[in-house]
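Hi there,

Here is the structure I promised to pass on to you. Please open it alongside this message, and my notes come right after it.

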Amino acid sequence: MTTSPRCGPPWNRRRLVPSRNPFPAHLPRERVVVPAPSACTCCGSTKLAKLGETITETLESIPRQWKVIQTVREKFTCRECEKITQPPAPFHTIPRGWAGPSLLAMILFEKFGQHQPLNRQCERFAREGVEVSLSTLADQVGTCAGVLKPLYSLIETHVLAAERLHGDDTTVPVLAKGKTITGRLWTYVRDDRPFGGPAPPAAVFYYSRDRTGEHPQRHLHTYAGIFQADAYGGYNKLYEEGRQPSLVLEAACWVHARRRFFVLADLAASARRKAQGKTPAVISPIALEAVRRIDALFDIERQINGQDAGQRRAVRQELSAPLVAELEAWMRQERARLSRHNDVAQAMDYMLKRWAAFARFLDDGRICLSNNAAERAVRGIALGRRAWLFAGSDRGGERAAFMYSLIVTAKMNNIDPQAWLADVLCHIADHPVHRLDELLPWNWKRQSAKLAA
């Protein structure tokens with residue numbers, strides 16, 4: 001017996017496993033049956049009997065369809081008193097507006113969630129046979145921001161009520177007279193999930209025209225608690241003793257500290273340069289040792305992620321505290337041998353000057369080792385800058401901060417931002433003010449789950 005070298009003998013063949021997952025079950029299926037032969041291809045007999053069928057699935061997309069919804073309100077007259085009656089007009093998302101909530105949600109999410117500027121959306125709409133001017137779309141975005149402002153205020157209040165906040169900022173080019181200037185988008189993130197907190201995660205964004213320290217001081221003027229951020233000097237006044245209403249405790253980010261050493265100990269980057277025929281970067285053994293020691297702390301953190309604050313503190317006191325003490329002693333010993341101009345010395349100074357803030361996580365299980373929650377929140381802005389190039393004005397920057405707060409918060413709660421925005425825009429006009437919190441992403445998610453059940 002001969003066997004194929006690819007398949008092997010029949011008794012040794014392994015069952016072939018599909019290389020991809022099946023298509024989602026909720027998608028509609030359209031059966032296209034290939035015509036069967038009317039006679040046997042071997043002997044020509046017409047006595048054929050069906051044994052089964054083989055189905056091959058292909059994923060297809062239907063082009064977007066537009067439609068106009070006509071809301072008809074019939075008029076009636078009374079035969080007795082001749083009074084004319086007519087049902088009241090329904091609420092619209094935008095007064096006297098022509099765009100439905102699903103279309104508005106799509107425009108908002110495409111612009112701020114998928115980084116598609118309004119001019120590109122106009123061009124795409126025109127190719128699909130719907131002519132809409134750029135100024136009209138801009139007006140729709142601005143009006144929607146006004147409609148959604150109460151939800152932004154609720155999210156802002158929720159975030160600033162946290163016991164611990166993450167903070168970060170990123171650049172945003174802003175159009176000015178004949179040039180662009182560099183504005184800033186600031187974010188503050190509440191995420192209690194690492195220490196098992198029950199509060200839903202959320203993020204709030206603010207816009208400013210520059211990066212002076214007065215902006216975070218204004219954003220956090222009522223905040224009292226733990227603040228995790230980088231070593232930006234504009235935060236320093238938040239940590240001053242005697243601050244009102246209360247002191248803000250600084251919790252430094254170990255990822256920022258590790259990054260400085262990692263650049264000096266990047267073996268992979270050095271190998272790439274060598275493979276490209278370039279002079280490989282000099283690897284600092286001291287920086288490499290610092291990275292190894294810091295990585296040991298992150299290994300412990302991965303094991304306790306999601307546990308309550310008390311458990312996290314107990315494990316840190318037992319396992320992390322000795323490593324931190326050894327790291328400080330080793331770092332101070334090595335620093336004494338280095339020049340102040342040495343790159344490794346500067347990386348060490350970054351930590352040693354703020355050692356109390358770096359070691360604060362040992363005594364408080366709520367503190368994270370990194371500020372990655374805030375960096376994840378601003379990642380979409382960094383990715384989108386090349387697409388939208390700049391904000392058109394300060395008002396555009398404020399509007400962007402407003403919409404990023406809603407979209408990023410929705411994503412953090414694992415819900416589709418576009419579906420949530422469409423439903424909110426559809427119902428917010430006639431929703432009771434005292435129950436507005438029902439439309440917040442985390443509450444909307446629970447209500448949607450109940451309706452689905």
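Below is what I found, going from the whole chain down to single residues.

First, a word of caution: this is a predicted model.

**The chain as a whole**

The secondary structure adds up to 14 helices and seven strands. With 453 residues, the globule rule gives 22 Å, but the radius of gyration of the chain is 30 Å, well over that value, so the chain is more spread out than a compact globule. If you are setting up a box, the C-alpha trace spans about 95 × 90 × 50 Å along its principal axes.

Buried residues account for 41% of the 453 in the chain. The accessible surface is about 27900 Å², and carbon and sulfur atoms contribute 53% of it. As for contacts between residues at least 6 apart in sequence, 64% of them join residues at least 24 apart.

**Strand β3 and its neighbours**

Strand β3 covers residues 164-176 and pairs with two strands that I would like to point out. On one hand, it runs antiparallel to β4 (residues 179-190), and eleven bridges join the two. Asp168 is a good place to look at this pairing, as it stands opposite Thr187 in β4. The hairpin of β3 and β4 has two residues between the strands, and Gly178 there takes a positive phi near 70°.

On the other hand, β3 runs parallel to β6 (residues 226-229), with three bridges between them. Here you can follow His166, whose bridge partner in β6 is Gln228.

**A nonpolar patch**

Leu175 also lies in β3. Together with Leu389 and Phe390, Leu175 makes a nonpolar surface patch of about 270 Å². Is Leu175 itself buried, partly exposed or exposed? Its relative accessible area is 40%, and because partly exposed covers the range between 20% and 50%, Leu175 counts as partly exposed.

**Gln303 in helix α7**

Finally, have a look at helix α7, which takes in residues 285-304 and contains Gln303. The relative accessibility of Gln303 is 57%, so this residue counts as exposed. How far is Gln303 from Met412 in sequence and in space? The two are 109 residues apart along the chain, and their C-alpha atoms are 22 Å apart.

Happy to talk any of this through whenever suits you.

Best wishes

Key
Residues are numbered from 1 along each chain as its sequence is written. This is a predicted model: local features need pLDDT of at least 70, side-chain atom pairs count only at pLDDT 80 or more; totals for chains, interfaces and linings use all residues. Side-chain values use heavy atoms; hydrogens and water are left out. Two strands pair if DSSP finds at least two bridges between them. Helices (H or I, at least four residues) and strands (E, at least two) are DSSP runs, numbered from the N terminus. Patches are made of residues with over 30% relative accessible area and no salt bridge: like charges are joined within 9 Å, nonpolar side chains (Val, Leu, Ile, Met, Phe, Trp, Tyr) within 5 Å. Accessible areas come from the Shrake-Rupley method with a 1.4 Å probe; for residues, only the protein chains shown count as cover. A salt bridge is a side-chain nitrogen of Lys or Arg within 4 Å of a carboxyl oxygen of Asp or Glu. Buried means under 20% relative accessible area, exposed over 50%, partly exposed in between (1.4 Å probe, protein chains only). The radius of gyration is taken over C-alpha atoms; the globule rule is 2.2 Å times the number of residues to the power 0.38. Contact means heavy atoms within 4.5 Å.
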